[in-house]
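The following note concerns charged side-chain contacts. Please read it alongside the sequence and the structure.

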Amino acid sequence: MTVKNILETMDYGPAPESAAEALAWLDSKSRQFGHYIDGKFTAPTQDFTSKNPATGEVLARLSQARQDDIDTAVIAARKAQKSWAKSGHTRAKYLYALARALQKHARLFAVLETLDNGKPIRESRDIDVPLAQRHFYHHAGYAQLMDAELPDREPLGVCGQIIPWNFPLLMLAWKIAPALAMGNTVVLKPAEYTSLTALLFAEICEQVGLPKGVVNIVTGDGAVGEMITASGVDKLAFTGSTEVGRIIRKATAGSGKALSLELGGKSPYIVFDDADIDSAVEGLVDAIWFNQGQVCCAGSRLLVQEGVADTFYRKLKSRMDGLRIGDPLDKCIDVGAIVDPIQRATIADMVASNTEGETYQTTAPDGCFYPPTLITGLTTSSNLMQEEIFGPVLVSTTFRTPAEAVAMANDTRYGLAATVWTENVNLALDIAPQLVAGIVWVNSTNLMDAAAGFGGVRESGFGREGGWEGLSSYTRAKNAPKPAKPVAAFEGKGGLSDPIDRTAKLYIGGKQARPDGGYSRIVYGPKGDALGEVSLANRKDLRNAVEAAHKANGWSKTTGHLRAQILYYMAENLSARASEFADRIKSMTGKQGRDEVEDALQTLFTYAAWADKYDGQVHGVPIRGVALAMKEPVGVIAALCDQRPLAGLLEVIAPAMAMGNRVVASVSEVFPLAATDFIQILETSDVPAGVVNLLTGDHKDVAQHMGAHMDIDAVWSFSDPRHAAAIEAASASNLKRTLIAPVPGAAKTMLDAATEVKNIWVPYGE
Ligand code: NAI
């Protein structure tokens with residue numbers, strides 16, 4: 001080919017990266033690996049292979065961990081944890097050393113990743129490996145700062161970590177760096193398709209002299225994941241499919257293990273008619289063709305404003321035609337191989353089964369490659385608009401107005417990320433807060449950084465990775481408040497002396513409501529005297545209360561100042577009736593009630609104070625711009641209160657209300673009458689109808705239904721620990737957040753539980 005030819009066709013010649021060094025490393029291990037446990041590699045058992053998806057060549061033989069490997073790894077991690085947790089400065093030095101070692105071996109990591117996963121070398125070299133290094137550097141800083149900045153937090157202990165195959169090294173970094181920084185030790189399982197960079201990382205741990213047992217790496221398939229889930233770890237961190245996330249949620253229910261889940265997505269990519277169309281088209285290349293679309297936060301659902309749709313699709317197709325697909329080791333390649341023929345077949349089947357809209361596809365080489373695909377003219381309910389394809393397939397429809405764009409964007413069971421393109425900053429900043437997602441990119445896409453939290457809401461999971469907000473997933477509060485000894489309800493005989501029925505009603509949607517079942521129970525005092533009667537709420541009452549809470553969504557849009565005023569007003573009205581409430585508490589518990597009323601007033605003042613002060617952050621991410629970490633309400637929170645008649649109620653409703661949530665609280669089971677008296681305080685303190693809904697009765701009658709209800713966003717249980725398993729197992733329905741503890745925690749813990757962090761990335765300038 002002559003220079004003239006080249007200039008005429010503008011074709012790229014191949015520019016392959018050499019695999020020699022990576023293959024030599026594999027050869028030096030005889031192409032077989034055991035597990036990395038307690039600072040050394042176990043003897044390989046050659047149970048399965050890892051292949052290069054671009055060629056089908058076997059790269060190495062790997063070992064499937066057995067129960068005793070998991071047991072040994074967890075014991076090693078447990079043994080190492082105490083001394084690892086001692087010094088933040090020492091941890092910082094090791095994390096820094098790991099970052100440096102990753103940097104030194106960057107090329108080897110990048111090539112090995114590309115060989116094993118099929119992603120273009122340009123990506124592994126410029127994105128995966130640098131971001132993994134950055135994660136270790138950044139978290140070395142958190143290790144150093146932990147004592148000073150997080151004095152009330154402590155490590156969880158041993159963390160089990162299960163990661164997917166789409167970003168093998170990067171996901172490892174996202175898991176290991178924060179866990180280690182906060183003084184935990186880990187047992188990590190890479191995905192069975194892509195274990196090689198994790199094994200190379202294990203060697204790096206050895207090289208930097210990381211104390212043995214701090215990092216343990218075991219390989220194998222989902223069965224190994226199950227063993228880790230069932231093992232004695234204190235926390236599980238999982239990234240992968242929503243389906244497996246649900247299995248893990250159920251498997252850990254009631255175990256007391258902490259859990260964070262980073263699951264699937266079907267993230268909207270919204271293009272308004274005033275957007276810089278060429279940039280938005282270019283953004284899509286990074287949104288959906290980056291890593292062959294095997295990205296949980298991929299902008300896989302394109303929503304284009306009607307007026308520019310034709311132009312946009314034309315330009316997009318022309319850009320698709322220019323994408324180069326093929327040998328991932330070629331530095332000119334845009335789209336590499338799909339991770340495994342099984343995944344390729346899944347993608348092809350999903351596309352083939354679609355009968356709607358119009359499909360535009362470019363071509364791909366034979367083998368484990370899939371062509372970039374655009375399917376236009378779908379409706380929001382089309383299967384491919386709802387289901388995660390996890391491949392280079394973009395689905396699309398159009399919208400007319402910003403309100404319609406928001407409605408379509410949120411019409412999904414997921415809530416991981418969203419992208420908004422518009423030149424109008426007012427529009428962008430109006431839309432971003434309305435999108436139900438953990439991350440919103442304005443005029444940019446797929447930006448990630450160690451300083452900004454990553455993670456979703458709804459069925460995309462819970463917990464954040466990265467940033468200050470990510471650290472709470474790897475720590476717990478020190479000195480958690482101690483619960484009072486549980487007491488049983490007092491027993492008595494006989495009914496109430498007053499012939500007029502004054503059974504305390506439920507409080508739903510701002511009205512006192514009779515229970516659906518019509519049943520009630522007499523509350524007896526310590527001497528067996530009948531004090532009053534309360535309604536017994538059932539599942540239907542819970543449903544009504546949730547519906548009322550949903551209708552009160554205006555509360556979530558109010559200002560912190562207004563919410564503070566209402567909490568203060570509640571305190572004012574409670575204070576005016578303090579002695580009456582103290583007497584009521586005494587009549588039920590037999591103990592003086594003044595202190596508890598005082599506690600309740602303190603609680604109201606505390607959360608009124610926080611209502612307009614629990615600020616978000618502006619993260620200094622390495623772009624010309626910022627990531628705004630905004631605190632948002634969780635939504636509708638259902639709660640089982642502890643036994644304290646008044647303090648137990650207020651420690652639930654005050655933080656939830658302060659942060660803009662609506663609450664359905666099942667009040668103290670044993671001493672419910674102060675809470676039912678409190679209805680009058682709610683009615684006279686300008687609390688909008690539906691913001692607080694109160695149920696009385698047996699917690700066991702509503703616990704599991706709270707967990708299962710699809711329109712509840714979080715469940716807090718401070719009641720009998722035996723309800724935890726039912727709530728957590730049922731919560732797998734919509735993967736809602738749960739907070740299970742003997743009593744509500746310190747203010748920061750509660751504020752954290754009452755908020756989600758949404759990171760809105762706003763680039764500056766051109
Ligand atoms: P997966 O969720 O099955 O695998 C992820 C990890 O979980 C792997 O390490 C796997 O060995 C492990 N695992 C599997 N079953 C387990 C179990 N019962 N208990 C504990 N660990 C278990 O994902 P898979 O099958 O590899 O991919 C299937 C689909 O999942 C993809 O097509 C994609 O839609 C989605 N996916 C989403 C990811 C994300 O980042 N959101 C990442 C990978 C897959």
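Which residues are linked with E17 in a network of salt bridges?

1. The model is a predicted one. In this model, E17, E21, R107 and K331 form a linked network of salt bridges. The count for the structure comes to 38 salt bridges.

2. Within that network, the E17 and K331 side chains meet in a salt bridge at 3.5 Å, N to O. This pair links distant parts of the chain, with the two positions 314 residues apart in numbering. E17 sits in the loop between α1 (3-9) and α2 (20-28), and K331 in the loop between α12 (306-321) and α13 (341-352).

3. The two partners should be described separately as regards accessibility. E17 has 13% relative accessibility and counts as buried, because the cut-off for that class is under 20%. K331, at 31%, counts as partly exposed.

4. A further salt bridge joins the side chains of R319 and E282, at 2.9 Å, N to O. R319 belongs to helix α12 and E282 to helix α11 (residues 277-289), so this contact ties together parts that are 37 residues apart in sequence. R319 is partly exposed at 25% relative accessibility, and E282 is partly exposed at 38%.

5. R125 and D126 also meet through their side chains in a salt bridge, at 2.9 Å, N to O. R125 counts as partly exposed, with 36% relative accessibility. D126 is likewise partly exposed, at 43%.

6. As general background, side chains of opposite charge can pair when their charged atoms come close.

Terms used
Residues are numbered from 1 along each chain as its sequence is written. This is a predicted model: local features need pLDDT of at least 70, side-chain atom pairs count only at pLDDT 80 or more; totals for chains, interfaces and linings use all residues. Side-chain values use heavy atoms; hydrogens and water are left out. A salt bridge is a side-chain nitrogen of Lys or Arg within 4 Å of a carboxyl oxygen of Asp or Glu. Helices (H or I, at least four residues) and strands (E, at least two) are DSSP runs, numbered from the N terminus. Buried means under 20% relative accessible area, exposed over 50%, partly exposed in between (1.4 Å probe, protein chains only).
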